[in-house]
Amino acid sequence: MIRAVVFDVGECLVDETREYGTWADWLGVPRHTFAAMFGAVIAQGRDYRETFQVFRPGFDLTEERQKRADAGLPEWFGEGDLYADVRPSLEELRRDGLWVGIAGNQTVRAGGLLRGLDLPADMIATSDDWGASKPDVAFFEHVIEATPAEAGEILYVGDRLDNDIRPAVQAGLLTALICRGPWGTIQQDAPDAGAITTMRIDSLAELSARVAKFNAGER
């Protein structure tokens, strides 16, 4: 039985198009050039942060975040950056009697922004809150500890095989791979994309019915 559904943040709930566009602006790089290199880095299986190194060798993301904040340009997202299916889908899952959580690799600031959106969720937590970041399995151990269900009753929804699905499976969680955003689009044809996931979806709107089928034994 799936008793709890926990969501990743970036490209699962939040469309990061605008945020990465502001990073291109900060670097003084055309947005389409930054996006093209970003996709190439992901397709090569490299850490997305290497994209910044291409345009500014020695780039330190934490340091640059602070510089942006000091310049009055802090990281930010709001209601308009949520994917359209987020609120109705989370609300539907809660009506179904499921416990809903949100947990992703995010800063303390981003956690505050998420909580300020008053999303229909029972928990909102970030890697900075826990001192553990994906793909470290310790992150998912925190998810299990914070969720009122056993590991095998928790469905973790994410867009990345490397950061979300593989380590969640290693921790004993069920998983749903959503095929949207840069990672979801590029990684969807990986050899294990279908083999290790509990389900694959194109929209969060599919979750309620898919969870109901799973719980009815229709795998």
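This passage describes the overall fold of a predicted model and the salt bridges between its charged side chains.

The secondary structure of the protein chain consists of 11 helices and six strands. Its C-alpha trace extends over about 55 × 40 × 30 Å when taken along the principal axes. For a chain of 219 residues, a compact globule would be expected to have a radius of gyration near 17 Å, and because the protein chain has a value of 17 Å, the two agree. Of these 219 residues, 52% are buried, and the area that the protein chain exposes comes to about 9,900 Å², of which carbon and sulfur atoms supply 50%. When contacts between residues at least 6 apart in sequence are considered, 60% of them join residues that are at least 24 apart.

The charged side chains of the protein chain comprise 22 positive and 36 negative ones, and the centres of the two sets lie 2 Å apart. Between side chains of opposite charge, 18 salt bridges are counted, a pair being included if a side-chain nitrogen of Lys or Arg lies within 4 Å of a carboxyl oxygen of Asp or Glu.

One of these salt bridges joins D164 and K134, whose closest N and O atoms are 2.7 Å apart. D164 belongs to helix α9 (residues 161-170), whereas K134 is found in the loop between α7 (127-130) and α8 (137-146), so the pair ties together parts that are 30 residues apart in sequence. Both partners fall below the limit of 20% relative accessible area that defines a buried residue: D164 is buried because its relative accessible area is 0%, and K134 also counts as buried, at 6% relative accessibility.

Helix α9 also contributes R166 to a salt bridge with D192, in which the N to O distance is 2.8 Å. Since D192 lies in the loop between α10 (181-187) and β6 (199-201), this pair ties together parts that are 26 residues apart in sequence. R166 is partly exposed, with a relative accessible area of 35%.

A further salt bridge is formed by R46 and E50, with 2.8 Å between the closest N and O atoms. Here R46 counts as partly exposed because its relative accessibility is 30%, and E50 is likewise partly exposed, at 32%. Finally, salt bridges link R56, E63, E64 and K67 in a network.

Terms used. Residues are numbered from 1 along each chain as its sequence is written. This is a predicted model: local features need pLDDT of at least 70, side-chain atom pairs count only at pLDDT 80 or more; totals for chains, interfaces and linings use all residues. Side-chain values use heavy atoms; hydrogens and water are left out. Helices (H or I, at least four residues) and strands (E, at least two) are DSSP runs, numbered from the N terminus. The radius of gyration is taken over C-alpha atoms; the globule rule is 2.2 Å times the number of residues to the power 0.38. Buried means under 20% relative accessible area, exposed over 50%, partly exposed in between (1.4 Å probe, protein chains only). Contact means heavy atoms within 4.5 Å. Accessible areas come from the Shrake-Rupley method with a 1.4 Å probe; for residues, only the protein chains shown count as cover. Lys and Arg count as positive and Asp and Glu as negative; His and the chain ends are not counted. The place of a charge is taken as NZ of Lys, CZ of Arg, CG of Asp or CD of Glu.
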